[in-house]
Amino acid sequence: MVMKSLKQLSLERDRARWKQKMELDSALLSLNQTVSGPGPFILLGVPGLEGLHAWIAVPVCLLYLASLVGNILLLGLVAVDKTLQAPMYQLLGLLAAADLILATSTVPKALAVLWGLSDEISFAGCLAQLFVAHVAFIAESSVLLAMAVDRYVAICQPLRYGALLSQRVVGMVAVAAVTRGACVMAPPVVLLQRLPYCGHRALPHTYCEHMGVARLACGDTRPNIWYGLATTLLSPALDLGLIGASYALILRAVCRLPSSGARYKTLSTCGAHAGVIVLFYTPALFSFLAHRFGHHTVPGHIHILLANLYVVVPPALNPVVYGVRTKQITQRLRHLLQRARKVGTNMPAVPHTLSV
């Protein structure tokens, strides 16, 4: 009896030690995930269209190359050419910089996934990617709002244009746009870091997106959902409403002009900006609404294709729209190309030598 009781006590002691060890290992694992995050995520690309990944990558790559060439050229023109130092053109430079950051933070990784070169991304890299991409998106929305205000002041209060809009004001717009984006996106990153992921690593997307990452978590994601909705209403949606209000005031002022020629000339100055607004907000807002409210009705591949469109199509087309619609930029670009052609034709020919 004594031997049996001693064996029972030993077994109970061993079980208690094993249970304590398991609890300690679980706590350490939880602490390790909290500090360093889960393992790397696997980006799946466009689910359901895996066989078409290589073909989807072709237009994405071409649009990305067009965005690089167009925006770098536009940014260089605005930075170097002294005739393009007005606030309107400096705002165009800010728009080009935001486009470059938005496209470059997402498209290279998307192309690597679509071409099967690399589908892994670390947790820290994923958070950094979604932070930079969303900050660039919010900053670009802020710049578009500033451009709408610029057009309103130029048309409705032309005598005060020089006093209200200067290079110092454009610099303040740039700082405010980046600061606003960083302040809006810092809380979601903290929320994502605190979520448990329970080993879920497969992300059905070509790049990291806030709600896409949140859906991998096995914890309560309601704060992420409500914060995402609030930030959308208080940043891009608010900007779009204010842009609409500024254009309503512009149209009211234009309708009061005496001649149809003056009305057409005034509206033509706003045409490029209006086109860029449509290109920028339409796919972005549709993608956001589909992600949050149409998750079970909109097919996943449609949502992912739209998410890729709004990070590559506006950056590729914005320089083209402004280059075609803005006379001064077209003239300066033509002048620059003519000078480059003259330099090429005036270079001395290299004499050919015959080798023995």
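Is I225 buried, exposed or partly exposed? In this predicted model, I225 has a relative accessibility of 34% and therefore counts as partly exposed, since that value falls between the 20% and 50% cut-offs.

## The chain as a whole

The predicted chain contains 13 helices and 3 strands. Of its 356 residues, 40% count as buried, and the chain exposes about 20000 Å², of which carbon and sulfur atoms supply 69%.

Contacts that span a long stretch of sequence are also described for the chain: among those between residues at least 6 apart in sequence, 79% join residues at least 24 apart. Several of the residues discussed below have neighbours of this kind, including C208, whose C-alpha lies 5.5 Å from that of L130 although the two are 78 residues apart in sequence.

## I225 in helix α9

I225, the residue of the opening question, belongs to helix α9, which covers residues 222–234. In sequence I225 is 37 residues away from P188, and in space the C-alpha atoms of these two residues are 9.7 Å apart.

## Helix α5 against helix α7

Two packed helices are described by the angle between their axes and the distance between the axes. For helix α5 (residues 123–156) and helix α7 (residues 167–194), the axes come within 8 Å and cross at roughly 145 degrees, and the crossing is right-handed. From α5, the residues that take part are F123, L127, L130, F131, H134, V135, I138, A139, S142 and A146, and they meet V173, A177, V178, R180, G181, A182, V184, M185, A186, V189, L192 and Q193 of α7. By type, the residues of this contact divide into 17 nonpolar, 4 polar and 1 charged.

Helix α5 also holds S141, which has a relative accessibility of 1% and so counts as buried, the cut-off being under 20%. Leaving out residues up to four places away in sequence, S141 touches S235, P236, D239, F280 and Y281.

## The sheet and the loop that follows β3

Strands of a sheet pair through backbone hydrogen bonds, either parallel or antiparallel. Here 3 strands form an open sheet in the order β2-β1-β3, with mixed pairing. The edge strands, each of which pairs on one side only, are β2 (120–121) and β3 (202–203). Strand β1 (residues 41–43) runs antiparallel to β2 and is joined to it by 2 bridges; within this pairing, F41 has I121 of β2 as its bridge partner.

C208 is placed in the loop between β3 and α8 (210–214), and because its relative accessible area is 0%, C208 is buried. When residues up to four places away in sequence are not counted, C208 touches I121, C126, Q129, L130, L203 and V213. I121 is thus named both as a contact of C208 and as the bridge partner of F41, while L130 appears both among the contacts of C208 and among the α5 residues that meet α7.

## Helix α4 and the residue after it

Helix α4 (residues 107–114) is mostly covered, with 7 of its 8 residues buried. The buried residues in α4 are V107, K109, A110, L111, A112, V113 and L114, a list in which K109 appears alongside residues such as V107 and L111. Following α4 comes G116, which has a positive phi, near 70 degrees.

## Two further sites: D81 and V321

D81 is found in the loop between α2 (53–80) and α3 (87–104). Because its relative accessibility is 12%, below the 20% cut-off, D81 counts as buried. Apart from neighbours within four places in sequence, D81 is in contact with G76 and R332. Of these partners, R332 is 251 residues away from D81 in sequence, yet the C-alpha atoms of the two are 8.2 Å apart in space.

V321 lies in helix α12, which covers residues 300–325. Not counting residues up to four places away in sequence, V321 touches A272, V276 and L279. One of these partners, A272, is 49 residues from V321 in sequence, with a C-alpha to C-alpha separation of 6.0 Å.

Key: Residues are numbered from 1 along each chain as its sequence is written. This is a predicted model: local features need pLDDT of at least 70, side-chain atom pairs count only at pLDDT 80 or more; totals for chains, interfaces and linings use all residues. Side-chain values use heavy atoms; hydrogens and water are left out. Axes are lines fitted to C-alpha atoms, for helices over the stretch in contact, and angles run from 0 to 180 degrees between N-to-C directions. Helices (H or I, at least four residues) and strands (E, at least two) are DSSP runs, numbered from the N terminus. A crossing is left-handed if the near helix is turned anticlockwise from the far one by less than a right angle, and right-handed if clockwise. Contact means heavy atoms within 4.5 Å. Ala, Val, Leu, Ile, Met, Phe, Trp, Tyr, Cys and Pro count as nonpolar, Asp, Glu, Lys and Arg as charged, and the others, Gly among them, as polar. Two strands pair if DSSP finds at least two bridges between them. Buried means under 20% relative accessible area, exposed over 50%, partly exposed in between (1.4 Å probe, protein chains only). Accessible areas come from the Shrake-Rupley method with a 1.4 Å probe; for residues, only the protein chains shown count as cover.
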